[in-house]
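Subject: Structure handover

Hello,

Here is the structure you were waiting for. Please open it alongside this message.

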Amino acid sequence: MARPIRIQFEGAYYHLTARSNERKSIFYSDRDRQLFLDTLEQMLRQFGVILHCYCLMPNHYHLVVQTPRANLSRAMAWFQSTYTNRYNRRHKRSGHLFQGRYKAHLVDADEYACQLIRYIHLNPVRGRGKDRAIASEKKERLEGYRWSSHPYYSGKKVIPEWLNSDWLSYWAKTPRKAHKYYRKDILSMFEKPVESPWDQIRGGLVLGTEPLWEKVQQLLEGKKGKHEIKWKEYQGRKALQARIKVLIEKQNNAKVQMWIRVRLGGERIADLAQEQGYRHRTGVFRVVDRLERAAERNPELRNKLNALRREMSTVTR
């Protein structure tokens, strides 16, 4: 199995999450949750990682961290293996606890900090459906949930040394006002669907603006691993599909649209024939072939097809 892409640089912010193996619980009691937090605190101190936000759920967790030393892989490898070993000893079990490796998304803090924190802290009360509103009667449940950084952001608990409170400044400059505006903000999320930050992920890696996205792409250029190569190929296909869609929307001629999809988009003729209602793939082939023959006799049509080819020449397949 290909290893997930890990982009590391000094000062990078990440949203990290991992699910349990076979969807089983990774926390059977509050003692397990406290063991997780104790291990997390040890990792933060040992590797110099900064924690901004967290939430523990029955079969997964969320962390938002910053890595001044660009050492995410080492820190997380130690953390997950150490917690797994301690958990296994405690429960007299063996084997993997987490489902594969953790997921890591790079985050543009200035742009997405508030949205990300709201989304993570609302995990204990948010429904599974993306469009489902959070019922107002769940406010009490959120306020009573102990295993996230929400109580510290809301000012109900004193922020511990191992949890960085800098992101509170996104709500207000002074701690008192920040707690107040955070509470108001989080309560305003009830009785409506919560916008998911993952709808805005770029390339499956980046929750951020164009500068961060460009930086990640530049860093990936120097990576030669199989997963990086597959990722680049996939991004190339996505760019191709996006450009094809734009070109098709600009054309009123159905035959030209079909030509674009076959000659420039590389779609399988058999699939296109089925979609268009042809009994055999030769129906699509005839349309494309006749259009190209017509272009040989018609300078205007020939120029149009050549212009479409040039427009696609900059897209990496």
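Below is what was found in it, starting with the sheet.

This is a predicted model, so please read everything here in that light.

The sheet

Five strands make up an open sheet with mixed pairing. Their order is β2-β3-β1-β4-β5. The edges are β2 (50–57) and β5 (206–207), and each of these pairs on one side only. Helix α2, residues 72–91, packs on the sheet. The helix touches β1, β3 and β4. Its direction makes about 145° with that of β3. At the β5 end, β4 and β5 run in the parallel sense and share two bridges. To find this pairing on screen, look for V107, which stands opposite L207 in β5.

Two crossing helices

Next, look at α3 (residues 109–121) and α6 (residues 175–187). Their axes come within 11 Å and cross at roughly 65°. The crossing is right-handed. From α3, the residues involved are I117, R118 and H121. They meet Y182, D185 and I186 of α6. Sorted by class, this contact has three nonpolar, one polar and two charged residues.

The largest pocket

The largest pocket holds about 1,000 Å³ of space. Its lining counts 28 residues. Closest to the pocket centre are R19, H60, H62, N123 and R126. Three elements give two or more residues to the lining: β1 (12–19), β3 (60–67) and β4 (103–107). Which of the elements gives the most to this lining? That is β1, with four residues. By class, the pocket lining divides into 13 polar, eight charged and seven nonpolar residues.

The cavity

There is also enclosed space to look at. The structure has one cavity of 30 Å³ or more. The volume of the largest cavity is about 60 Å³. Its lining consists of I5, R6, I7, Y14, L72, A104, H105, L106 and L205. The largest share, three residues, comes from β4. The class split for the cavity lining is seven nonpolar, one polar and one charged.

Where to start

I would begin with β4. This strand gives two or more residues to the lining of the largest pocket. It also provides the largest share of the lining of the largest cavity. And β4 is one of the strands touched by α2. After that, go to R19, H60, H62, N123 and R126, the lining residues closest to the centre of the largest pocket.

Best wishes

Methods
Residues numbered from 1 in each chain as written. Predicted model: local features only at pLDDT ≥ 70, side-chain atom pairs only at ≥ 80, totals over all residues. Heavy atoms only, no water. 1 Å grid on protein atoms, 1.4 Å probe; cavity = no way out; pocket = protein on both sides within 12 Å on 5 of 7 lines; lining within 4 Å. Points joined across faces, edges and corners; volume = space filled by probe spheres on them. Nonpolar A, V, L, I, M, F, W, Y, C, P; charged D, E, K, R; others polar. Pairing = 2+ DSSP bridges. Contact = heavy atoms within 4.5 Å. Axes fitted to C-alpha atoms, helices over the stretch in contact; angles between N-to-C directions. Left-handed = near helix turned anticlockwise from the far one by under 90°.
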